[in-house]
Amino acid sequence: MPPKALFFTDDPKACELLARDPFALLVGFAIDQQVTVQKAFAGPYVLRERAGTLDPKKLAKLDLEEAFRTTPAIHRFPGAMAQRVRELASVVSEEYGGDASRIWRDAADTADLKKRIGSLPGFGEMKVKSLGAVLAKQFGVKAAEGLAPSHPTLGDVTSPEELDRYQSWKRAYKKAAKGA
């Protein structure tokens, strides 16, 4: 059974949207860089409020920059992220008929799912693994199980407290990686 909320941000309505709307989840991951996890994953909710929709077919046709730039900005790089989300909406519309869940629902196996996620705008290796962990651990997507890394990811976050623990782990990991 899918979760009722994904606790990746502080706004309960945004958390519920992430669990309910597969495209919202993709948008959160797409803009999750150089801002906090909470800021990135609140973005889809704010975008829906400002643009009036999260329908990929509609978003693909809109100029999203004003929605991203309006204060408070959805992202610290509103122009680039507005373009990325518009490109993501185009890919989901053209390749998956506007249904983001088909990316994982129709995947033949782990390798196919990895290829599908990795071809999305803004999705590199780390995001493939992190989204894979969320899909496997929180949504029960079998094809995603092989993508989930052994270290903690957002897939392990099931409460606001777990988000705090995950972020502490991530900060320590990054510090150790820098040799500090």
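**View 1. His75 sits in the loop between helix 5 (65-69) and helix 6 (78-96).** This is a predicted model, in which local features need pLDDT of at least 70 and side-chain atom pairs count only at pLDDT 80 or more, while totals for chains, interfaces and linings use all residues. Residues are numbered from 1 along each chain as its sequence is written, and side-chain values use heavy atoms, with hydrogens and water left out. Helices here are DSSP runs (H or I, at least four residues), numbered from the N terminus. His75 has a relative accessibility of 1% and counts as buried (buried is under 20% relative accessible area, exposed over 50%, partly exposed in between, with a 1.4 Å probe and protein chains only). Look for two polar contacts of the His75 side chain: the backbone oxygen of Gln33 at 2.8 Å and the backbone nitrogen of Phe77 at 2.9 Å. A polar contact is a pair of N or O atoms within 3.5 Å; within protein, one must be able to donate a hydrogen and the other to accept it, and residues adjacent in sequence count only if both atoms are side-chain atoms. Leaving aside residues up to four places away in sequence, His75 touches Ile31, Gln33, Val35, Lys39, Phe68 and Met81 (contact means heavy atoms within 4.5 Å).

**View 2. Phe8 and Phe41 meet edge-to-face, one of four aromatic pairs in the structure.** Their ring centres are 5.1 Å apart, with 75° between the planes. Rings of Phe, Tyr and Trp (its six-membered ring) pair if their centres lie within 6.5 Å; planes under 30 degrees apart are stacked, over 60 edge-to-face, and the rest tilted. Phe8 belongs to the segment before helix 1 (12-20) and Phe41 to helix 3 (residues 37-51), so the pair ties together parts that are 33 residues apart in sequence. Both Phe8 and Phe41 are buried. Ring pairs also bring in Phe29, giving a cluster of Phe8, Phe29 and Phe41.

**View 3. Helix 1 has a capped N-terminal end and a set of buried residues.** At the cap, a side-chain oxygen of Asp11 lies 2.8 Å from the backbone nitrogen of Lys13. Further along, Ala14, Cys15, Leu17, Leu18 and Ala19 are buried. The buried residues of helix 1 pack against helix 2 (22-30), helix 3 and helix 9.

**View 4. Tyr166 and Trp169 stack within helix 10 (residues 160-177).** The ring centres of this pair are 6.4 Å apart, with 25° between the planes. Three residues, about one turn of the helix, separate Tyr166 from Trp169. Tyr166 is buried, at 10% relative accessible area, whereas Trp169 is partly exposed, at 27%.

**View 5. The largest pocket holds about 640 Å³ of space.** Its lining comprises 22 residues, with Asp32, Met126, Tyr166, Lys170 and Lys174 nearest the centre. Helix 9 (125-139) and helix 10 each supply at least two lining residues, and helix 10 gives the most, with seven. On a 1 Å grid over the protein atoms alone, a pocket is an open set of points where a 1.4 Å probe fits, with protein on both sides within 12 Å along at least five of seven lines; lining residues have an atom within 4 Å of a point. Grid points are joined across faces, edges and corners, and the volume is the space filled by probe spheres set on them.

**View 6. Asp109 lies in the loop between helix 7 (102-105) and helix 8 (110-118).** Asp109 is partly exposed, with a relative accessible area of 39%. The Asp109 side chain reaches the backbone nitrogen of Ala111 at 3.2 Å.
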